[in-house]
Amino acid sequence: MSERDVGEDAPFSELAPLTPRSSTMAALKGPWSARAWAQTVNALPVLFMAVLAAASWWLVKNSPLPGDARQVAAPRHEPDYTMRGFALSSYGQNGALRSRLEGDVLVHYPDTDTLEVEGVRLRALDERGRVTLGMARRALSNGDGTQVRLSGNARVVREPGPDEAPSARVEIRGEFLELFTETERVRSHLPVTVVTERGETRAGNIDYNHNDRSGRLGGRVTGELRPVPR
């Protein structure tokens, strides 16, 4: 090129030569190793996109679904421990004994926090020291023993309290009795026999609350009552 300025009218032969578009184009004309490197460089964007797509798919597959839509397997109803010849006691906030559960065999189910007991014997005390006894061949209880379902020659006995007369004793018998130890309530949808100092009463079902000594007898009700001694 001459030393004079190149203007818009300068002939093409006097313009600077074009720069090659990339070193890759030049490398394609070189030896084999250079061509291989050029092809590898050209393939890098495709490989990067493939890795990015695979990572996106993995994130979508393993991300938590909205609203916990994934189905969680329900816990299986299987026991976590068994005891034989056992005795369990529970205490109130003041340290006083509230209940004692004894039996031949106890099985605990963690999914429902329930106890299945064979040869059950239950003793519960209220805040006034009044005792309630429960016994049966089998029982199903919640974890703290406040609700107990007795079955098989079931009996619930409410003993008189320290400030009560002997006539306050009540015994309920049946093949099924549901006992609520905190509220001193007994109920059953099956026939029962109620024994008091006055005699025996038989009914098709019962819902009895010993706190106020009131209840309801349903079905066919029969009984024998003794006169109150003067």
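The largest cavity has a volume of about 70 Å³. This is a predicted model, and a search of the whole structure finds 2 cavities of 30 Å³ or more.

**Cavities**

The lining of the largest cavity consists of T132, V156, V157, R158, V170, I172, L179, E184, R185, V186, Y208 and H210. Strand 5 (147–158), strand 6 (170–180) and strand 7 (185–188) are the elements that give two or more residues to this lining. By residue class, the lining of the largest cavity holds 7 nonpolar, 2 polar and 3 charged residues.

The second largest cavity contains about 30 Å³ of space. A124, L125, D126, R130, T132, T181 and E184 line the second largest cavity. Its lining divides into 2 nonpolar, 2 polar and 3 charged residues. T132 and E184 appear in the lining of both cavities.

**Pockets**

The two pockets are listed with the two cavities below.

| Site | Volume | Lining residues by class |
|---|---|---|
| Largest cavity | about 70 Å³ | 7 nonpolar, 2 polar, 3 charged |
| Second largest cavity | about 30 Å³ | 2 nonpolar, 2 polar, 3 charged |
| Largest pocket | about 220 Å³ | 6 nonpolar, 5 polar, 3 charged |
| Second largest pocket | about 190 Å³ | 3 nonpolar, 6 polar, 4 charged |

The largest pocket has a volume of about 220 Å³. It is lined by 14 residues, and V170, V194, T196, Y208 and L217 are the closest to its centre. At least two lining residues come from each of strand 8 (192–196), strand 9 (199–203), strand 10 (205–209) and strand 11 (214–218). Strand 11 contributes the most, with 4 residues. V170 and Y208 also belong to the lining of the largest cavity.

Around the second largest pocket there are 13 lining residues, with S90, R98, D144, T146 and E182 nearest its centre. Strand 1, strand 2 and strand 3 each supply at least two residues of this lining.

**Strands 1 to 3**

The three strands just named are paired in sequence order. Strand 1 (residues 81–91) and strand 2 (residues 97–109) run antiparallel and are joined by 10 bridges. Within this pair, F86 of strand 1 stands opposite G103 in strand 2. The hairpin of strand 1 and strand 2 has 5 residues between the strands, and G95 takes a positive phi near 90° there.

Strand 2 also runs antiparallel to strand 3 (residues 114–125), with 9 bridges between them. Here H108 is placed opposite L115 in strand 3. In the hairpin of strand 2 and strand 3, 4 residues lie between the strands, and D113 takes a positive phi near 50°.

Conventions: Residues numbered from 1 in each chain as written. Predicted model: local features only at pLDDT ≥ 70, side-chain atom pairs only at ≥ 80, totals over all residues. Heavy atoms only, no water. 1 Å grid on protein atoms, 1.4 Å probe; cavity = no way out; pocket = protein on both sides within 12 Å on 5 of 7 lines; lining within 4 Å. Points joined across faces, edges and corners; volume = space filled by probe spheres on them. Nonpolar A, V, L, I, M, F, W, Y, C, P; charged D, E, K, R; others polar. Pairing = 2+ DSSP bridges.
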